[in-house]
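Biologist: I would like to understand how the labels on a model like this one are earned. Could you take me through the reasoning, step by step?

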Amino acid sequence: MQTGVRIEKEFVDWGHLFPVTITSTKIRSTPFGEVAMINYPQLEAIVVRLLVEKPARLTGCEVHFARQYLGLTLQALGDALGVTHAAVKKWESKEHAATDMGWPAEKVLRLMLLDKLGVADKEFRAIHAVLRPVPTEDG
């Protein structure tokens, strides 16, 4: 197979446990197959920021991604959110469906993500001020 680079109009990456659609992605052909040329640290930071500002409840996969990004065990995240490790495991088991975690815990999780991104204090406070409960599937 000849090596070369082409542009994929829309590329779906599943490296974060949920689909992330990336536009205009360079795809390199190698003797071992095609490889997307993605700056994963940069993509991860973008995904985290989008999760913080997501206008819907987090899914189980998103909670799992957030926990991994924060480098926490089930127990450590549970302790940080004031719940048991079993509650965190239950949320994560929802996979692609919205969790039933309470908004206060979800807001803290979103703010933990924002803090790990290292945003400036002024920006952190501004986002904290505008984060409001997002609707659940049942209203």
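Modeller: Gladly! This is a predicted model, and a search of the whole structure finds 9 salt bridges.

Biologist: What makes the contact of Glu8 with Arg6 a salt bridge?

Modeller: The closest N and O atoms of Glu8 and Arg6 are 2.3 Å apart. The cut-off is 4 Å between a side-chain nitrogen of Lys or Arg and a carboxyl oxygen of Asp or Glu, so this pair qualifies.

Biologist: Why are Glu8 and Arg6 called partly exposed?

Modeller: Partly exposed is the band between under 20%, which is buried, and over 50%, which is exposed. Glu8 has a relative accessible area of 26%, and Arg6 has one of 33%, so each falls in that band.

Biologist: How do you know that Arg57 and Glu106 form a salt bridge?

Modeller: Their side chains meet at 2.8 Å, N to O, and the limit is 4 Å. Arg57 sits in the loop between α1 and α2 while Glu106 belongs to helix α5, so the pair ties together parts that are 49 residues apart in sequence. Both Arg57 and Glu106 are buried.

Biologist: What about Lys90 and Asp100: which label do they get for accessibility, and why?

Modeller: Lys90 has 46% relative accessibility and Asp100 has 42%. Exposed would need over 50% and buried under 20%, so both residues count as partly exposed. Their side chains also meet in a salt bridge, with 3.1 Å from N to O. This pair links distant parts of the chain, with Lys90 in helix α4 and Asp100 in the loop between α4 and α5, 10 residues apart.

Biologist: Let's turn to helices. Why is helix α2 described as largely enclosed by the rest of the structure?

Modeller: Helix α2 covers residues 60-70, and 9 of its 11 residues are buried, so that description follows. Among the buried ones are Cys61, Val63, Phe65 and Leu70. The cover over the buried residues of α2 includes α1 (40-52), α3 (74-81), α4 (85-92) and α5 (103-117). Just after α2, Gly71 takes a positive phi of about 70°.

Biologist: What makes α2 oblique to α4?

Modeller: Their axes come within 7 Å and cross at roughly 125°. Roughly perpendicular ends at 115 degrees and roughly antiparallel needs over 145, so α2 is oblique to α4. In this contact, Gly60, Cys61, Val63, His64 and Arg67 of α2 meet Val88, Trp91 and Glu92 of α4. The contact residues divide into 4 nonpolar, 2 polar and 2 charged.

Biologist: And the strands: how do you know that β1 and β2 pair?

Modeller: Pairing takes at least two bridges. Strand β1 (residues 4-13) and strand β2 (residues 20-30) have 9 bridges in the antiparallel sense, so they pair. As one example, Phe11 has Ile22 in β2 as its bridge partner. The hairpin of β1 and β2 has 6 residues between the strands, and there Leu17 takes a positive phi near 80°.

Biologist: What makes β2 and β3 a pair as well?

Modeller: They are joined by 4 bridges where at least two are needed, so they qualify too. Strand β3 spans residues 33-36 and runs antiparallel to β2. Arg28 has Val35 in β3 as its bridge partner, and the hairpin formed by β2 and β3 has 2 residues between them.

Key:
Residues are numbered from 1 along each chain as its sequence is written. Side-chain values use heavy atoms; hydrogens and water are left out. Buried means under 20% relative accessible area, exposed over 50%, partly exposed in between (1.4 Å probe, protein chains only). Contact means heavy atoms within 4.5 Å. Axes are lines fitted to C-alpha atoms, for helices over the stretch in contact, and angles run from 0 to 180 degrees between N-to-C directions. Angles under 35 degrees count as roughly parallel, over 145 as roughly antiparallel, 65 to 115 as roughly perpendicular and the rest as oblique. Ala, Val, Leu, Ile, Met, Phe, Trp, Tyr, Cys and Pro count as nonpolar, Asp, Glu, Lys and Arg as charged, and the others, Gly among them, as polar.
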